[in-house]
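Visitor: I would like a close look at one part, please, with enough of the whole to place it and with each term explained as it comes up.

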Amino acid sequence: MQYTTHYTSPLGELILACDDIGLVGLWFAGQKYEAAGLKDAHTQEHLILEQTKNWLDIYFTGKEPDFFPPLHASGSDFRKEVWEILCTIPYGATITYGDIAQQIAQKQGRKRMSAQAVGGAVGHNPIGIIVPCHRVVGTNGSLTGYAGGIQRKLALLKLEGIDVSKFTIPTKGTAI
């Protein structure tokens, strides 16, 4: 069984979803891929959702939470591998899609891996903010690739104390 609730953040309404194992989703209301994979969810409180709200309360004060709610994201093995790498990006730091591709290629004993494939996996991350896809930037310093919107990505990076002046914001019509 899956459970959902809402959380009002400084950046807009969030939808939280879990099952009895862990958090399965955290999306901004109206974002691309919102509630993807959610099945017959019941709107009610659950301990995992309460832990997630507590984590978000701490995070949105500009502090790094010292715990994580249990996670239970669903996806292909490749996507899960990318999401695991996202969880290793330190608070207040960024990494490029190319860096992630290089890590996966090394791990798999390959010469290279497609940064675009990594971008697809990052874009389909069902647990935004906690699995910090907002910390991934383009090799050229572009702030592309956030399903919640570039302005929210920018705000999350600023919240973590990252100097965003070094990044470029894509113009309208640029894929994100």
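Guide: The account below starts with the whole chain and then turns to one helix and the loop after it.

The model is predicted, and for that reason local features are given at pLDDT of at least 70 and side-chain atom pairs at pLDDT 80 or more, whereas totals for chains, interfaces and linings use all residues. Residues are numbered from 1 along each chain as its sequence is written, and side-chain values use heavy atoms, leaving out hydrogens and water.

The chain has five helices and six strands, where helices are DSSP runs of H or I with at least four residues and strands are runs of E with at least two, numbered from the N terminus. Their order along the sequence is β-β-β-β-α-α-β-α-α-β-α. A compact globule of 176 residues would have a radius of gyration near 16 Å, and the chain agrees because its own value is 16 Å; this radius is taken over C-alpha atoms, and the globule rule is 2.2 Å times the number of residues to the power 0.38. Along the principal axes, the C-alpha atoms fill a box of roughly 45 × 35 × 35 Å. Of the 176 residues, 46% count as buried, that is, under 20% relative accessible area, with over 50% called exposed and the range in between partly exposed (1.4 Å probe, protein chains only). Among contacts (heavy atoms within 4.5 Å) with a separation of 6 or more, 59% join residues 24 or more positions apart.

The part to look at closely is helix 4, residues 115–123, which can be followed through two partners.

With helix 2, residues 77–86, the axes come within 9 Å and cross at roughly 80°; axes are lines fitted to C-alpha atoms, for helices over the stretch in contact, and angles run from 0 to 180 degrees between N-to-C directions. Helix 2 and helix 4 are therefore roughly perpendicular, the word used for 65 to 115 degrees, while under 35 is roughly parallel, over 145 roughly antiparallel and the rest oblique. Helix 2 brings Phe78, Arg79, Val82, Trp83 and Leu86 to this contact, and helix 4 brings Ala117, Val118, Ala121 and Val122. By class, these are eight nonpolar residues, no polar and one charged, where Ala, Val, Leu, Ile, Met, Phe, Trp, Tyr, Cys and Pro are nonpolar, Asp, Glu, Lys and Arg are charged, and the others, Gly among them, are polar.

With helix 3, residues 97–108, the axes come within 8 Å and cross at roughly 105°, so this pair too is roughly perpendicular. Here Tyr97, Gly98, Ile100, Ala101 and Ile104 of helix 3 meet Ala115, Val118, Gly119 and Val122 of helix 4. This contact divides into seven nonpolar, two polar and no charged residues. Val118 and Val122 take part in both contacts of helix 4.

After helix 4 comes the loop leading to strand 6 (136–137), and Val131 lies in that loop. Val131 counts as buried because its relative accessibility is 4%. Leaving aside residues up to four places away in sequence, Val131 touches Leu71, Trp83, Leu86, Cys87 and Asn125; Trp83 and Leu86 also belong to the helix 2 side of the contact with helix 4. Trp27 is 104 residues from Val131 along the chain, yet their C-alpha atoms are 11 Å apart.

Ile129 sits in the loop between helix 4 and strand 6 as well, and is buried, with a relative accessible area of 1%. Its phi is near 70°, a positive value in a residue other than glycine. Most residues other than glycine have a negative phi.
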